[in-house]
Amino acid sequence: MSLIIGQVAPQFTLISSDLKEISLADFKGKKVVLHFFPMAFTGTCTTQLCTLRDNFGFYEGINAQVLGISVDSPFTLAKFKEENEYQFPLLSDFNKQASADYGAIYDEFVFGLKGVSKRAAFVIDEEQRIIYAEVLESAGDLPDFDAIEKKLQ
């Protein structure tokens with residue numbers, strides 16, 4: 001299923017690396033930047049989230065909420081967040097529902113692993129409508145950070 005610009009974003013409630021429930025609905029009234037990533041502690045995923053970390057001032061300056069989502073456990077994500085000093089929540093989609101709802105899931109990934117999040121980025125406006133959507137087929141590619149920032153301005 002692919003999402004289209006202007007569509008209401010699929011709602012989710014996931015467990016954060018801080019072991020708290022976080023819902024998309026919690027952020028109604030502010031822009032949200034969702035970054036799905038396949039697996040913590042892998043090269044391109046670390047680059048993706050470190051790019052967000054290193055440019056966090058931009059997102060904070062425009063009052064946009066950044067959320068990272070993968071199918072890793074919340075415990076793995078807690079260690080990943082701690083080691084890389086991410087300032088934004090990492091959410092565990094361990095049951096794979098949010099990844100599926102956003103069309104950002106591999107049926108089969110490397111080593112025969114099934115149900116791994118695709119690398120993807122979405123920008124959701126204050127009314128919880130999708131204003132930017134990018135789902136990448138190759139796990140080695142990075143989202144278009146410039147296009148995301150332009151959509152937020």
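Which residues of helix 1 are buried? I looked this up before anything else. I found Cys45, Gln48, Leu49, Cys50 and Leu52 buried in helix 1. I keep in mind that this is a predicted model.

**Helix 1**

I then checked the length. Helix 1 covers residues 43–54, which makes 12 residues. From its first C-alpha to its last I read 16 Å. That is close to the 16 Å expected at 1.5 Å a residue.

**The sheet**

Next I traced the strand order. I found an open sheet of 7 strands, ordered 2-1-5-4-3-8-9. The pairing in this sheet is mixed. Strand 2 and strand 9 are the edge strands, as each pairs on one side only. On average, neighbouring strands of the sheet are turned by 30° against each other, direction ignored.

**Strand 8**

I wanted to know why strand 8 counts as largely enclosed by the rest of the structure. Strand 8 spans residues 120–124, and 5 of its 5 residues are buried, so the rest of the structure largely encloses it. The cut-off for buried is under 20% relative accessible area. I then sorted the side chains by face. Ala120, Phe122 and Ile124 lie on one side of strand 8, and all are buried. Ala121 and Val123 lie on the other side, also buried. Both faces are thus covered.

**Partners of strand 8**

I looked up the bridges next. Strand 3, residues 32–36, is joined to strand 8 by 5 bridges. These two strands run antiparallel. Within this pair, I found valine 32 opposite isoleucine 124. Valine 33 stands opposite valine 123 of strand 8.

What joins strand 8 to strand 9? I found 5 bridges there, and the two strands run antiparallel. Strand 9 takes in residues 130–135. Alanine 133 in strand 9 is the bridge partner of phenylalanine 122. I also went through the hairpin of strand 8 and strand 9, which has 5 residues between the strands. Glutamine 128 in this hairpin takes a positive phi near 70°.

**A surface patch**

Last, I turned to the surface. Which residues make the nonpolar patch of about 310 Å²? I noted Ile15, Leu19 and Phe75. I placed leucine 19 in the loop between strand 1 (13–16) and strand 2 (21–23). Strand 2, on one side of that loop, is an edge strand of the sheet.

Definitions and conventions: Residues numbered from 1 in each chain as written. Predicted model: local features only at pLDDT ≥ 70, side-chain atom pairs only at ≥ 80, totals over all residues. Heavy atoms only, no water. Buried < 20%, exposed > 50% of the residue type's maximum accessible area, 1.4 Å probe, protein only. Helix = DSSP H or I, 4+ residues; strand = E, 2+ residues; numbered from the N terminus. Pairing = 2+ DSSP bridges. Patch = residues over 30% accessible without salt bridge, like charges linked within 9 Å, V, L, I, M, F, W, Y side chains within 5 Å. Areas by Shrake-Rupley, 256 points an atom, 1.4 Å probe, with all protein chains shown as cover. Salt bridge = Lys/Arg side-chain N within 4 Å of Asp/Glu carboxyl O. Expected span 1.5 Å × (residues − 1). Axes fitted to C-alpha atoms, helices over the stretch in contact; angles between N-to-C directions.
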